[in-house]
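Notebook open, model loaded. I want to look up how protein and DNA meet here, then check one helix.

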Number of protein chains: 2
Amino acid sequence: MQIGELAKRSGLSAHTIRYYERIGLLPYADRDAGGRRDYDEAILVWIAFLDRLKTTGMPIREMLQYAKLRAAGDHTGPARRRILEAHRDRVRAHVRDLQASLLVLDTKIDTYVETEKRTHSHDDTEHSFDEQQTRARPARP
Amino acid sequence: MQIGELAKRSGLSAHTIRYYERIGLLPYADRDAGGRRDYDEAILVWIAFLDRLKTTGMPIREMLQYAKLRAAGDHTGPARRRILEAHRDRVRAHVRDLQASLLVLDTKIDTYVETEKRTHSHDDTEHSFDEQQTRARPARP
DNA sequence: CCTTGACTTAGAGCGCGCTCAAACCCCTAG
DNA sequence: CTAGGGGTTTGAGCGCGCTCTAAGTCAAGG
């Protein structure tokens, strides 16, 4: 499989794949006779895992650490586990944060909905900076 | 309240507060006799809300849209509501994503833990690129 | 043979969200 | 009177994670 197909199948762009290889997130790929990268299906599994780390907000420099530990041999298992555990904890905390924020959003949206129900437009939730300079309610004609 | 205290109380740096004012996220603050920004407590509420939007991943340019609608008057309530609803939906989707990823992380961590239980270090989860070049297990001395 | 198009490299550029620097002003305490 | 510590402005710089450009190579199809 060459880079174009891997791009399609992995969802990364070919540019990004090369970039990842350069920085060490992806292995230096074998080249074919013409000097082109030739990938094995197996790489897809690794990329999928990287994607998980990425979507959960792990910075590249930390993925790199993980990748290097892996490359360093089986004995680094515990260190890798600790990285993942720390990351998991951060993700959990982030999820809690997001859920709290969702409640706030829901509440805020509700106040907008209530206001709209009362037909005439009027917003009495907490004050934003423009409150002073807000021209008097434009009293729909 | 001048900018230093607001910085302390809001958690933003004074630099960031000025930057937010420049780009329009925060109102142009009143200046005191000496030309310094003089804030009212009320600003804290708005900053707290911006923080919610920020921690839930709303890009600044969208917060700006929201801020401008608010400044445009009460009649923009429905538009603001729609922005928040769209954002809420994205956040919900993201939370689901994160939760799915947490399961993956937990599973992966478990395999590390299991491996460690078996005392000798050995990792047989899916293969990373270094598998070929991995030196034979360094057989703890 | 020639074109097409997918690939190669090194390196520059970009969008985001700050973050800091330089040069200056003003107030207060010692 | 002076030193210090807050503030002001404009504009440059930075870290991140890509993303793209330029110039070149190669293999297959017409």
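How far is a phosphate oxygen of DNA strand C from an N or O atom in the side chain of Arg31(A)? I get 2.8 Å. Note to self: this is a predicted model, so every distance below is computed from it.

**Strand C**

I stayed with the backbone of the DNA. A phosphate oxygen of strand C also sits 2.7 Å from a polar backbone atom of Gly4(A). For the bases, I found a base nitrogen of strand C 3.0 Å from an N or O atom in the side chain of Arg36(A). I then asked which elements give two or more residues to the surface near strand C, and got α1 (3–10) and α2 (14–23) of chain A, plus α2 and α4 (60–72) of chain B. The largest share, five residues, comes from α2(B).

I listed the 19 residues around strand C; Gly4(A), Arg31(A), Arg37(A), Tyr20(B) and Arg61(B) come nearest. By type, the surface near strand C has five nonpolar, five polar and nine charged residues. Of the strand C atoms within 4 Å of the protein, 65% are sugar or phosphate and the rest belong to bases.

**Strand D**

Next I went through the other strand. Of the 19 residues around strand D, the nearest are Tyr20(A), Gly4(B), Arg18(B), Arg36(B) and Arg37(B). Sugar and phosphate make up 62% of the strand D atoms that come within 4 Å of the protein.

I looked up three side chains with a polar atom by a phosphate oxygen of strand D:
- Tyr20(A) has one at 2.6 Å.
- Arg18(B) has one at 2.8 Å.
- Arg31(B) has one at 2.9 Å.

Which elements each supply at least two residues of the surface near strand D? They are α2 and α4 (60–72) of chain A together with α1 and α2 of chain B. Here α2(A) gives the largest share, five residues. The residue types near strand D come out as five nonpolar, five polar and nine charged.

**Helix α1 of chain B**

Last entry: which residues of α1(B) are buried? I noted Ile3(B), Leu6(B), Ala7(B) and Ser10(B), in a helix that runs over residues 3–10. Looking down the axis of α1(B), I see these buried residues fall within an arc of 105 degrees, so they line one face of the helix. The spacing rule applies: an α-helix has 3.6 residues a turn, so residues three or four places apart point the same way. The cover over the buried residues of α1(B) includes α2 (14–23) and α3 (42–55) of chain B. Just after the helix, I logged a positive phi of about 85 degrees at Gly11(B).

How values were computed. Residues are numbered from 1 along each chain as its sequence is written. Chains are lettered from A and ligands numbered from 1 in the order in which they are written. This is a predicted model: local features need pLDDT of at least 70, side-chain atom pairs count only at pLDDT 80 or more; totals for chains, interfaces and linings use all residues. Side-chain values use heavy atoms; hydrogens and water are left out. Buried means under 20% relative accessible area, exposed over 50%, partly exposed in between (1.4 Å probe, protein chains only). Helices (H or I, at least four residues) and strands (E, at least two) are DSSP runs, numbered from the N terminus. The arc is that of the directions from the helix axis to the C-beta atoms. Contact means heavy atoms within 4.5 Å. A residue is near a molecule or strand if one of its heavy atoms lies within 4 Å of it. A polar contact is a pair of N or O atoms within 3.5 Å; within protein, one must be able to donate a hydrogen and the other to accept it, and residues adjacent in sequence count only if both atoms are side-chain atoms. Ala, Val, Leu, Ile, Met, Phe, Trp, Tyr, Cys and Pro count as nonpolar, Asp, Glu, Lys and Arg as charged, and the others, Gly among them, as polar.
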